[in-house]
Amino acid sequence: MSRKTVLSCIQPTGEMHLGNYFGAVKNWVDLQADYDCFYGVVDYHAMTMPYDPKKLRNNTWELIINLIAVGVEPKNLFIQSLIPEHAELNWIFNCYCSYGQLTRMTQFKDKSQSSSESNKDNFISAGLLDYPVLQAADILIYKADFVPVGKDQEQHLELTRDIAQRFNNGVGKEYFVLPDTLYTDTPKIKSTADPNRKMSKSAGEKHYISVFADEARIRKQIKSAVTDTGDSVKGQMSSGVENLFTLLNASGDSPNSYKQLMSDYKAGMLKYSDLKAAVSDSVVDMISAFKENKKALLEDKRGVKYKIKESSAEIRKRAQKTLAEVKDLVGLLNVKF
Ligand code: AMP
Ligand code: TRP
């Protein structure tokens, strides 16, 4: 039986932290055993918000190295701008997507506000509005069955299915399969400095723990994690303590110590310092292998670049096949020069 196809992408903006690692990237790694996987670093998407052209290329390579260091196989990785068919399919899909639907996307509404606030001429790019159509092209060009993403992407996946459906109706053929989302089991990781908000880079330095930060910093951040927020309900675990247990479980701590600490908690005997020490040990232990991998990859940057250009070229063949079929279906010329 042929394996189902999984596709997901991530923008080269900012560092990898425990939130997006446990919420998304770890799942990418695990899915590789059972699916044909395509994982993209979407640099075209990173241009939709005000950005620094001098940094984009470095951020792209940095993210590629981080993804490989945590276990994504290079053969499954591609860089979006190396596969121009994504942008071509984007144009074709623009003509199968309603303008009104794009203006109703929550991410567009949120980001257009922060985009216009962050520059004095209130600039909001048309790329930001069109962002989800390029995302639909990323997904459908590989005919993905499943797309592992966070809940925040549900609306974009619905739009992708609408585009696929309108396309199929338009060309009179069930050409595209409608992809499904695949959610992770890991609940949202919260900021250790404020467990009422999610761990995220945009909230500021103390609100995220970088996967590649040095050990001392990680231990310090976990040591100072907020455990009681003042608004905890009696008899209910506070969100800060719950977040520490989530981190302990997710980072693969030995089941015994998790169980022991949980039973201490239930007996009202848990020392937060013990819980924090266990979380620190377990996180530090998990990432020490990632860091070693990263060090080796950084020593062979040229080798990494070569591999990713090769994997992108291989993956591109599949995109080219879809685009040629699509061009036939929509009435465009399909000439090889
Ligand atoms: P971001 O880093 O915010 O661009 O998100 C990349 C992916 O990681 C998305 O699929 C998010 O849903 C997921 N993600 C980001 N932050 C968290 C978090 N704190 N907890 C769980 N998942 C997250
Ligand atoms: N919009 C996604 C995010 O912000 C990134 C993305 C771009 C994506 N293209 C995709 C995710 C295709 C899944 C599939 O996280």
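The shell around ligand 2 in this predicted model is made up of 7 nonpolar, 5 polar and 1 charged residues. In total, 13 residues surround ligand 2, and the closest are Cys 9, Tyr 131, Gln 135, Asp 138 and Gln 153. Both β1 (5-10) and α6 supply at least two residues of this shell. The most comes from α6, with 4 residues.

Polar contacts are found at both ligands, and the table lists them by residue.

| Ligand atom | Protein partner | Distance |
|---|---|---|
| nitrogen of ligand 2 | Tyr 131, polar side-chain atom | 2.7 Å |
| nitrogen of ligand 2 | Gln 135, polar side-chain atom | 3.0 Å |
| nitrogen of ligand 2 | Asp 138, side-chain N or O atom | 2.8 Å |
| nitrogen of ligand 1 | Gly 19, polar backbone atom | 3.4 Å |
| oxygen of ligand 1 | Asn 20, side-chain N or O atom | 2.7 Å |
| nitrogen of ligand 1 | Met 199, backbone N or O atom | 2.9 Å |

On its own, ligand 2 has 370 Å² of accessible area, and the protein covers 88% of it. Ligand 1 taken alone exposes 490 Å², of which the protein buries 78%.

The shell around ligand 1 contains 3 nonpolar, 5 polar and 3 charged residues. Among the residues around ligand 1 are His 17, Gly 23, Ala 24, Asp 152, Lys 188 and Lys 198.

Helix α6 (residues 126-140) also packs against helix α3 (residues 85-94). The angle between them is about 120° and their axes are 8 Å apart. The two helices α3 and α6 are therefore oblique to each other. The crossing of α3 past α6 is right-handed.

Notes. Residues are numbered from 1 along each chain as its sequence is written. Chains are lettered from A and ligands numbered from 1 in the order in which they are written. This is a predicted model: local features need pLDDT of at least 70, side-chain atom pairs count only at pLDDT 80 or more; totals for chains, interfaces and linings use all residues. Side-chain values use heavy atoms; hydrogens and water are left out. A residue is near a molecule or strand if one of its heavy atoms lies within 4 Å of it. A polar contact is a pair of N or O atoms within 3.5 Å; within protein, one must be able to donate a hydrogen and the other to accept it, and residues adjacent in sequence count only if both atoms are side-chain atoms. Accessible areas come from the Shrake-Rupley method with a 1.4 Å probe; for residues, only the protein chains shown count as cover. Ala, Val, Leu, Ile, Met, Phe, Trp, Tyr, Cys and Pro count as nonpolar, Asp, Glu, Lys and Arg as charged, and the others, Gly among them, as polar. Axes are lines fitted to C-alpha atoms, for helices over the stretch in contact, and angles run from 0 to 180 degrees between N-to-C directions. Angles under 35 degrees count as roughly parallel, over 145 as roughly antiparallel, 65 to 115 as roughly perpendicular and the rest as oblique. A crossing is left-handed if the near helix is turned anticlockwise from the far one by less than a right angle, and right-handed if clockwise.
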